[in-house]
Amino acid sequence: QVQLVESGGGLVQPGGSLRLSCAASGSIVSLNTMGWYRQAPGKQRELVASITNGGTTNYADSVKGRFTISRDNARNTVYLQMNRLKPEDTAVYYCHYRGPYGSGYASYWGKGTLVTVSS
């Protein structure tokens with residue numbers, strides 16, 4: 001089992017910045033991918049950004065140039081720096097972990113943190 005605890009959500013004005021953190025604990029395997037997904041009201045959950053343990057990143061087109069994902073492998077923590085936030089970034093942001101388990105993969109989710117972009 002892997003536990004994920006997010007922090008850093010809140011209310012911010014358009015154009016502002018927020019930094020989300022996600023700390024992982026439990027049965028963590030070094031070769032893993034962590035990331036952030038988000039789900040806005042009435043919409044499906046979507047990938048925001050992901051990062052492998054080696055530092056390879058992937059971003060949704062809608063956040064490229066505005067958001068930056070990073071991680072501290074020693075602390076098993078992933079971060080999402082969100083700049084130039086827009087109202088359409090409003091959503092619950094979920095931390096995600098995926099790593100090898102047996103002959104396949106295991107996937108875990110955090111409980112989510114709400115980001116509201118509004119004036």
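Is Glu-46 buried or exposed, or does it fall in between? Hold on to that one for a moment, everyone, and I'll come back to it.

Thanks for having me. A word of caution before we start: what you see above is a predicted model.

Let me begin with the overall build. The protein has 11 strands and zero helices. If you walk along from the N terminus, you meet one β element after another, right through to the end of the list. What about overall dimensions? A compact globule of 119 residues would have a radius of gyration near 14 Å, and the protein has 14 Å, so the two agree. Along the principal axes, the C-alpha atoms fill a box of roughly 45 × 25 × 25 Å.

Now the inside and the outside. Of the 119 residues, 39% count as buried. Take the contacts with a separation of 6 or more: 52% of them come from residues 24 or more positions apart. On the outside, the accessible surface is about 6500 Å², and carbon and sulfur atoms account for 47% of that.

On to charges, which is where I'd like to spend most of my time. There are 12 positive and 6 negative charges, and their mean positions are 3 Å apart. The structure holds five salt bridges, and I'll walk you through some of them.

Here is Glu-46 again. Its salt-bridge partner is Arg-38, with the closest N and O atoms 2.8 Å apart. And the answer to my opening question: Glu-46 counts as partly exposed, because its relative accessibility is 35%, and the cut-offs for that class are 20% and 50%. Arg-38, on the other hand, counts as buried, because its relative accessibility is 6%.

Arg-38 has another partner, too. Its side chain meets that of Asp-89 in a salt bridge, at 2.9 Å from N to O. Which parts of the chain does this pair tie together? Arg-38 lies in strand S4, residues 33-39, while Asp-89 is in the loop between strand S8 (77-82) and strand S9 (91-101), so the pair links parts that are 51 residues apart in sequence.

Let's stay with Asp-89. Its relative accessible area is 0%, so it is buried. Asp-89 also forms a salt bridge with Arg-66, where the closest N and O atoms are 2.7 Å apart. Arg-66 sits in the loop between strand S6 (57-59) and strand S7 (67-72), and Asp-89 in the loop between S8 and S9, so this pair ties together parts 23 residues apart in sequence. Both Asp-89 and Arg-66 are buried. Put these pairs together and you get one network, with Arg-38, Glu-46, Arg-66 and Asp-89 joined by salt bridges that share partners.

Last stop: the backbone. Most residues other than glycine have a negative phi. With that in mind, have a look at two residues here. Asn-76 has a positive phi, near 50 degrees, and is not a glycine. You'll find Asn-76 in the loop between S7 and S8, and it counts as partly exposed, because its relative accessibility is 28%.

The other residue is Arg-84, again not a glycine, with a positive phi of about 50 degrees. Arg-84 is in the loop between S8 and S9, and at 48% relative accessibility it counts as partly exposed.

That's my tour. If you take one picture back to the bench, make it the network of Arg-38, Glu-46, Arg-66 and Asp-89. Thanks for listening!

Terms used. Residues numbered from 1 in each chain as written. Predicted model: local features only at pLDDT ≥ 70, side-chain atom pairs only at ≥ 80, totals over all residues. Heavy atoms only, no water. Helix = DSSP H or I, 4+ residues; strand = E, 2+ residues; numbered from the N terminus. Rg over C-alpha atoms; globule rule 2.2 N^0.38 Å. Buried < 20%, exposed > 50% of the residue type's maximum accessible area, 1.4 Å probe, protein only. Contact = heavy atoms within 4.5 Å. Areas by Shrake-Rupley, 256 points an atom, 1.4 Å probe, with all protein chains shown as cover. Lys, Arg positive; Asp, Glu negative; His and termini not counted. Charge placed at Lys NZ, Arg CZ, Asp CG, Glu CD. Salt bridge = Lys/Arg side-chain N within 4 Å of Asp/Glu carboxyl O.
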